[in-house]
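Thanks for making the time this morning. Before I say anything, please have a look at the sequence and the model on the screen.

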Amino acid sequence: MLDGKVALVTGGTRGIGLATARALAEAGATVVLTGRDEAKAKEAAAAAGAASGLSLDVTDAKAVSTLVRGVAKEHGKLDIVVANAGIMEDALLGMIREELVDTTLSTNVAGTLHTVQAAARAMMRKKTGAIVVLASIVGEYGSAGQTVYAASKAAVANIARSAAKELGRSGIRVNAVAPGVIDTDLTSGLTEDAKAENIGKTPLARLGTPEDVANAIRFLVSDDASFITGQVLGIDGGLVL
Ligand code: NDP
């Protein structure tokens, strides 16, 4: 399905990013994954069957640009980029600290933007490519106690929509996935009661797995999705219905 393609996945050391790197590698792509810690990135790359694991902090625009250029140079091209790196910290409105605003926006919004910009630059020459960014259902519908995170993910969805409009004529597709509650480190802080409440509201009656999201991303970056761009695909078991 992805034989001969070169793919980059940011935040690939665990959770959705690791599952995505594995899914793309199993589909035949040459995959490079990143994490902030080089040793963890290398370990994850070995576990995912990826070609390499590199260290990258997506808040650093110059580092993102240099890494993306380097990957495209080493492998001769860059076909697929999954801007997955992200953080989530809950805070009620009255408890939001400035530091939380800064770290959330610089990682989720600026980090995604840096990655999409660098990907577009690398893909532009070949006039082909597929980019997927990680939005969230809370970015589409809001969530009490998650105002900063929800705002950041609404921005991520609109990075995908705007970039899709701008890059379509260059043959580059940009889509977002909007997962519901996926069982990863990011959601490990949820109480059992909160998990049960979410499952109760979900028609498919379970939490999502990283593989549920990875499978959708693998479709969106494949040629099977060649007329799909600017979409925000919910992967939530029907939770928002
Ligand atoms: P995890 O916390 O399990 O993994 C997050 C990944 O992002 C790690 O690989 C981490 O790498 C990386 N990361 C965090 N900050 C940075 C940074 N500044 N620079 C580079 N890499 C960074 O999260 P999930 O797998 O659950 O989430 C992945 C994405 O999906 C996120 O964008 C998240 O917002 C989104 N999402 C998740 C949902 C869920 O329910 N789990 C629901 C909706 C959206 P390391 O720490 O090794 O550097």
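I will talk about one helix and then about one residue in a loop.

Please keep in mind throughout that this is a predicted model, although the chain averages a pLDDT of 98, with 100% of the residues scoring at least 70, and the model scores ipTM 0.99 and pTM 0.99.

Let me begin with helix H8, which takes in residues 210-221. Its twelve residues should span 16 Å at 1.5 Å a residue, and because the C-alpha atoms at its ends are 17 Å apart, the expectation and the model agree.

Is this helix mostly covered or mostly exposed? It is mostly covered, since nine of the twelve residues of H8 are buried, among them Pro210, Asp212 and Arg218, together with Val213, Ile217 and Leu220. As for what lies against them, the buried residues of H8 pack against helix H1 (15-26) and also against four strands, namely S4 (80-83), S5 (129-134), S6 (172-179) and S7 (232-235).

Now to the loop between helix H2 (38-48) and strand S3 (52-55), where we find Ala50. Why does Ala50 count as buried? It does so because 25 C-beta neighbours lie inside 10 Å, and the cut-off for a buried residue is 20 or more.

Setting aside neighbours within four places in sequence, Ala50 is in contact with Ala21, Ala25, Val31, Val32, Leu33 and Ala45. Of these contacts I would point you to Ala25, which is 25 residues from Ala50 along the chain, while the two C-alpha atoms are separated by 6.1 Å.

How values were computed:
Residues are numbered from 1 along each chain as its sequence is written. This is a predicted model: local features need pLDDT of at least 70, side-chain atom pairs count only at pLDDT 80 or more; totals for chains, interfaces and linings use all residues. Helices (H or I, at least four residues) and strands (E, at least two) are DSSP runs, numbered from the N terminus. The expected span of a helix is 1.5 Å times one less than its number of residues. Two residues are in contact if their C-beta atoms, placed from the backbone, lie within 7 Å. pLDDT is the predictor's confidence in each residue, from 0 to 100.
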